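Dear colleague,

I am passing on the structure below, and I would be grateful if you could keep it open while you read the notes that follow.

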Amino acid sequence: KGQAEEGNIMEGLRSLLKGDPPENEDLSSFFSGLSYTKRITGFAICLAVGLVSCFVSTFFLLLPRVFAKFYTLGCLFLLASATFLVGPSQQFKTMFARGRFFSAIIYFAAILGTLYCSLWLRRTGLSLLMIIFQFGATLWYGASYIPFAQSCLLEVGRHGTQQLCWNV
């Protein structure tokens with residue numbers, strides 16, 4: 001079933017690249033009222049804002065709380081961009097499919113933890129720790145969409161840990 005859902009997303013992306021509106025759309029409420037052009041525009045705007053926000057965050061690496069705000073905002077806009085393409089119900093079905101359920105939960109926990117540490121606790125050390133955790137969760141979640149990417153990340157992590165242990 002997970003491959004079928006990914007196939008639907010890939011089919012939607014193919015039709016997007018061809019300029020054809022996707023068929024059999026399962027878009028709910030707000031998104032069903034938007035034209036194909038408006039959904040593509042929403043996707044492009046969210047994608048651009050997300051990428052710019054993530055890029056701008058790098059200028060604040062020495063200020064972890066500010067970095068956390070921009071980076072997290074960027075991640076949320078990047079998620080929202082995909083929602084414009086496939087609709088919220090398909091986005092959630094894909095995100096919480098059997099193969100990536102825990103990746104999505106960890107990803108959202110990392111986003112909430114980063115915001116909590118940087119906005120409410122205002123603790124630089126905890127914010128830095130949560131940024132590292134969120135970056136790892138983002139990488140792991142993104143890898144869940146690429147076949148064998150998570151196992152490659154695990155292998156790289158094992159190899160890196162072995163190298164670190166041998167050099168210490």
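In which loop does R122 lie? Before I answer, please bear in mind that this is a predicted model, and that everything below was computed from it. R122 is placed in the loop between α6 and α7, and although it is not a glycine, its phi is positive, at about 55°. Its relative accessibility is 57%, and R122 therefore counts as exposed, the cut-off for that class being over 50%.

The two helices on either side of that loop deserve a careful look. Helix α6 covers residues 101–121 and helix α7 covers residues 124–143, and they pack at an angle of about 160° with their axes 8 Å apart. Because angles over 145 degrees count as roughly antiparallel, α6 and α7 are described as roughly antiparallel to each other. The crossing in which α6 passes α7 is left-handed. On the α6 side the contact is made by S103, A104, I106, Y107, A109, A110, I111, G113, T114, C117, S118 and L121, which meet a set of α7 residues that includes L126, M130, F133, Q134, W140 and Y141. Sorted by character, the residues of this contact comprise 15 nonpolar and 7 polar ones, with no charged residue among them.

A second residue with a positive phi, again not a glycine, is F148, whose value is near 70°. F148 sits in the loop between α7 and α8, the latter helix spanning 149–167, and with a relative accessibility of 68% it therefore counts as exposed.

Q91, by contrast, belongs to a helix, namely α5, which runs over residues 88–95. Its relative accessibility is 6%, and since buried means under 20%, Q91 counts as buried. If neighbours within four places in sequence are left aside, the residues in contact with Q91 are L79, A82, T83 and V86.

As for the chain as a whole, it has 8 helices and 0 strands, so that you will find the pattern α-α-α-α-α-α-α-α when reading along the sequence. Of its 168 residues, 35% are buried. If you consider the contacts between residues at least 6 apart in sequence, 60% of them join residues at least 24 apart. The area that the protein chain exposes is about 10,800 Å², and carbon and sulfur atoms supply 70% of that area.

With kind regards

How values were computed:
Residues are numbered from 1 along each chain as its sequence is written. This is a predicted model: local features need pLDDT of at least 70, side-chain atom pairs count only at pLDDT 80 or more; totals for chains, interfaces and linings use all residues. Side-chain values use heavy atoms; hydrogens and water are left out. Axes are lines fitted to C-alpha atoms, for helices over the stretch in contact, and angles run from 0 to 180 degrees between N-to-C directions. Helices (H or I, at least four residues) and strands (E, at least two) are DSSP runs, numbered from the N terminus. Angles under 35 degrees count as roughly parallel, over 145 as roughly antiparallel, 65 to 115 as roughly perpendicular and the rest as oblique. A crossing is left-handed if the near helix is turned anticlockwise from the far one by less than a right angle, and right-handed if clockwise. Contact means heavy atoms within 4.5 Å. Ala, Val, Leu, Ile, Met, Phe, Trp, Tyr, Cys and Pro count as nonpolar, Asp, Glu, Lys and Arg as charged, and the others, Gly among them, as polar. Buried means under 20% relative accessible area, exposed over 50%, partly exposed in between (1.4 Å probe, protein chains only). Accessible areas come from the Shrake-Rupley method with a 1.4 Å probe; for residues, only the protein chains shown count as cover.
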